[in-house]
Amino acid sequence: MKYRWPVIPSILAAIAVLTLVALGVWQLERKAEKEAVLAQLASAINLPATAYPAVPISGELPLYRASSVMCIRVASWRTISGSNDKGEAGFAHLATCQTGGAEGPGAVVAIGWSKQLVKPQWKGGVVNGIIAPDNNSLLRLVATDAVARLQLLAKPSPDSIPNNHLLYAIQWFFFAAAAAIIFVLAVMKKRREEMPK
């Protein structure tokens with residue numbers, strides 16, 4: 001008796017494998033895009049200083065550019081984990097600053113680092129620094145001069161932005177290969193079971 005290859009399961013398996021391969025190819029494309037963005041961000045470090053963007057921010061973010069902020073008044077404090085310029089772990093102190101009249105427009109300024117959790121004694125002033133991404137407020141200025149007797153934070157760098165797309169692509173290709181092998185092995189096993197002895 002001639003064994004018939006399962007047509008519909010084969011089509012479904014092929015669709016699944018092709019989808020996994022497409023996801024792997026997409027991750028390779030994302031890898032190239034991310035590398036271009038990282039190269040652009042790395043070149044921003046050498047550009048001249050720029051004005052800190054006004055809120056709401058429109059257009060391209062000036063990440064990793066030198067800038068400065070006049071903190072008229074500290075509206076609130078936020079403390080997060082961070083590293084100093086020597087790579088030691090501790091606390092980064094972020095001030096939400098009023099930078100204009102009334103209550104706005106505002107800026108988040110990371111004024112420095114400490115080993116212990118302390119509230120900085122700082123009321124505001126001019127801060128020079130580097131514009132970095134911030135999870136809460138999109139951007140923050142990381143001080144490059146010592147402020148309020150705090151140590152300098154590690155300088156923001158695009159090197160800290162992960163580019164894992166090659167790893168993800170390999171993962172999708174592995175899943176595609178595994179799915180194809182499992183399907184073929186399952187069909188071969190079924191064929192052996194159905195063949196007359």
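Is R78 buried, partly exposed or exposed? In this predicted model, R78 has a relative accessible area of 22% and is therefore partly exposed, since buried residues lie under 20%. The residue is taken up again below, together with its salt-bridge partner.

The secondary structure of the chain consists of 2 helices and 6 strands. Along the sequence these elements follow the pattern α-β-β-β-β-β-β-α. The radius of gyration of the chain is 27 Å, whereas a compact globule of 197 residues would have a value near 16 Å. The C-alpha trace spans about 90 × 35 × 30 Å along its principal axes. Of the 197 residues, 31% count as buried. The accessible surface comes to about 12600 Å², and carbon and sulfur atoms account for 62% of this area. When contacts between residues at least 6 apart in sequence are considered, 63% of them join residues at least 24 apart. The chain carries 20 positive and 12 negative charges, and the mean positions of the two groups are 8 Å apart.

A search of the whole structure gives 4 salt bridges. One of them joins the side chains of K31 and E35, with a distance of 2.7 Å from N to O. Both residues belong to helix α1, which covers residues 7-44, and because they are 4 residues apart in this helix, about one helical turn separates them. K31 is partly exposed at 22% relative accessibility. E35 also counts as partly exposed, with a value of 38%.

Another salt bridge is formed by the side chains of R78 and D134, at 3.0 Å from N to O. R78 is in strand β2 (residues 73-83) and D134 is in strand β5 (residues 125-134), so this pair ties together parts of the chain that are 56 residues apart in sequence. The two partners fall into separate accessibility classes: R78 is partly exposed at 22%, while D134 is buried, with a relative accessible area of 6%. The value for D134 is under the 20% limit, which is why this residue is classed as buried.

K86 and D85 also form a salt bridge, and here the closest N and O atoms are 3.9 Å apart. This pair is counted because the distance is within the limit of 4 Å. K86 is exposed, with a relative accessible area of 62%, and D85 is partly exposed at 45%. Elsewhere, salt bridges that share partners join R78, D134 and R140 into one network.

The backbone was also examined for unusual phi angles. Most residues other than glycine have a negative phi. Y64 departs from this pattern, as its phi is positive, near 65°. The residue lies in the loop between helix α1 and strand β1 (66-71). At 3% relative accessibility, Y64 counts as buried. L138 likewise has a positive phi without being glycine, with a value near 80°. L138 is located in strand β6, which covers residues 138-143. Its relative accessibility is 44%, and L138 therefore counts as partly exposed. Of these two residues, then, Y64 is in a loop and L138 is in a strand.

Methods:
Residues are numbered from 1 along each chain as its sequence is written. This is a predicted model: local features need pLDDT of at least 70, side-chain atom pairs count only at pLDDT 80 or more; totals for chains, interfaces and linings use all residues. Side-chain values use heavy atoms; hydrogens and water are left out. Buried means under 20% relative accessible area, exposed over 50%, partly exposed in between (1.4 Å probe, protein chains only). The radius of gyration is taken over C-alpha atoms; the globule rule is 2.2 Å times the number of residues to the power 0.38. Contact means heavy atoms within 4.5 Å. Accessible areas come from the Shrake-Rupley method with a 1.4 Å probe; for residues, only the protein chains shown count as cover. Lys and Arg count as positive and Asp and Glu as negative; His and the chain ends are not counted. The place of a charge is taken as NZ of Lys, CZ of Arg, CG of Asp or CD of Glu.
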